[in-house]
Amino acid sequence: MPPPTVLIIGSGIAGPVLAILLKRKGYHPVVFEKVQALGDAGASLMLMPNGMKVLNLITPTNTLLSTRAPLTFLWHGTASGTTLGKSHLPSTYTEQYTQPAMGIKRTALNLHLKDMLLENDIPLYEGYNLLDFEEDAQSKTVTASFTNGETVTGSFLVGCDGIKSSTRRILLSRRGVSEGDPVFTGLVQVAGISGGRKWEEVLGERGKGGLSNWYGEGVHVVGYPMSWAVTLAGTEVEETWKAVSGGQELERRKGMLREKLGGFEKGLLEMVEGADRIISYGLFDRVEVEAEQWFSGRAVLVGDAAHPTSPHLGQGGNQALEDCYHLSRLLPDVSEGGDVGLEGVFGEFARLRQPRTAALVKQARHLGEQRVVLGGPALCQMRDAMIVAAWSDPKAVAEGLDRLFREPF
């Protein structure tokens, strides 16, 4: 019998990783991406040890680290640069969890994973935007139709298509749930990649592998070598992930940041001024869905399609990678062919993952609300005092991070 065909919707992070893991278990994955060609879009993301462990299963992470320095410490401080808390725990991640944390340009990771698909002879069809899918219990198949008029049939379908997931919309609608578009949270991020002077030249020790957080009034900034993101209250911004890399629009965005970052320490301001690309996007949210809503007989959600999260905890992509590991682990090796008993597998996967991801989504949302304090200096002082208290207990900090990074294996 031919291997079961798996229709994977989305070629961001989760789609290619899951495809490669399933190929090794005897499946025939096919990946569909709605954009015409994966290109230079988005800013950067932090890969944490839990996500890096999964990536290392399909591509040696030292290939990613060859051009990026691992994270060595964490710093939290006021807008002007006064330290509120710090930790050198990241320098121990490799010893403790087998993998470090590292920042990487999102495009670089996406294109690397695309190359991995090609190396593993996994088909990738770009310009395929999912319109609908139909499940046939009798033939044990699922047929996906796309907006370009094409249809493809497989054994099952995995929605790795993000917060605006078409797969999620279709699954929920069949349960009588009309969800609508993601809800704007009232927060906007402006992120940049800075060239020119190196971080260590303007931030000293904190520029050498540090992940820094600055807390101002109505503004939070996170930065690690060459990359930074400013979170602030604002009006809804369309999430195109397209960067501005020159001309009047780049200067306009820098001018806005000069105004918003008044009073922030000089080194950070220099990095913002040195940005050669800036991207603006709104932060959106969705209502939590129960585990039983993650799947049907022959379809299942993975990553942001199932549990979209804000970036404040740095776990969006990393939790998607955990999903990939657990779903591929639970699905049987089918090198010998035969049906795989999908609904039981999907149910076990969803019930395993939903509690953890739901808790982390809530934690990330709370961090965002705490960081971007509106309402004056008194509330900011209360926030800063909470940060000092939280980071003054090294044991508690280590235990909190361990709950994140000891997973998924």
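**Helix α12**

I looked first at which residues of α12 are buried, and found C380, R383, D384, I387 and W391. Seen down the axis of α12, these buried residues fall within an arc of 100°, so they line one face of the helix. The model I am reading is a predicted one.

I then turned to the other side of α12, where A378, Q381 and M382 are exposed.

Next I looked up the extent of the helix. α12 runs over residues 377–391, which makes 15 residues. From its first C-alpha to its last α12 reaches 21 Å, close to the 21 Å expected at 1.5 Å a residue.

What covers the buried residues of α12? I noted strands β4 (73–78), β5 (83–87) and β13 (210–215) among the covering elements. The helices α11 (342–371) and α13 (394–405) are also included in that cover.

I took A390 as a single residue to follow, since I wanted one more entry here. A390 has its place in helix α12. At 42% relative accessibility, I enter A390 as partly exposed. I also checked A390 against L84: the two are 306 residues apart along the chain, and their C-alpha atoms are separated by 9.6 Å.

**Helix α6**

I went on to α6, residues 166–173. Of its 8 residues 6 are buried, so α6 is largely enclosed by the rest of the structure. I list the buried ones as S166, T167, R168, I170, L171 and L172.

For the cover of these buried residues in α6 I noted four strands by name, including β1 (5–9) and β8 (130–136). β11 (156–159) and β17 (299–301) are also included in the cover of α6.

**Second largest pocket**

How much space lies in the second largest pocket? I have it down as about 320 Å³. The lining of this pocket comprises 21 residues. Those that lie nearest the centre of the pocket are R68, A69, G103, P225 and M226.

I sorted the lining of the second largest pocket by residue class and got 12 nonpolar, 5 polar and 4 charged.

Which elements each supply at least two residues of that lining? I found β3 (44–47), β6 (102–105) and α7 (199–203). β6 gives the most to the lining, with 4 residues.

**Backbone entries**

I looked up a cis peptide bond and found one joining E407 and P408. Its omega is about -5°. P408 has its place in the segment after α13.

I also looked at two residues with positive phi.

T98 has a positive phi of about 75°, although T98 is not a glycine. I placed T98 in the loop between α4 (93–97) and β6, the strand that gives the most to the lining of the second largest pocket. Is T98 buried or exposed? T98 is exposed, with a relative accessible area of 52%; the cut-off for exposed is over 50%.

D121 likewise is not a glycine and has a positive phi, here of about 55°. I found D121 in the loop between α5 (106–119) and β7 (124–126). With a relative accessible area of 62%, D121 is exposed.

Notes: Residues numbered from 1 in each chain as written. Predicted model: local features only at pLDDT ≥ 70, side-chain atom pairs only at ≥ 80, totals over all residues. Heavy atoms only, no water. Expected span 1.5 Å × (residues − 1). Buried < 20%, exposed > 50% of the residue type's maximum accessible area, 1.4 Å probe, protein only. Arc of directions from axis to C-beta. Contact = heavy atoms within 4.5 Å. 1 Å grid on protein atoms, 1.4 Å probe; cavity = no way out; pocket = protein on both sides within 12 Å on 5 of 7 lines; lining within 4 Å. Points joined across faces, edges and corners; volume = space filled by probe spheres on them. Nonpolar A, V, L, I, M, F, W, Y, C, P; charged D, E, K, R; others polar.
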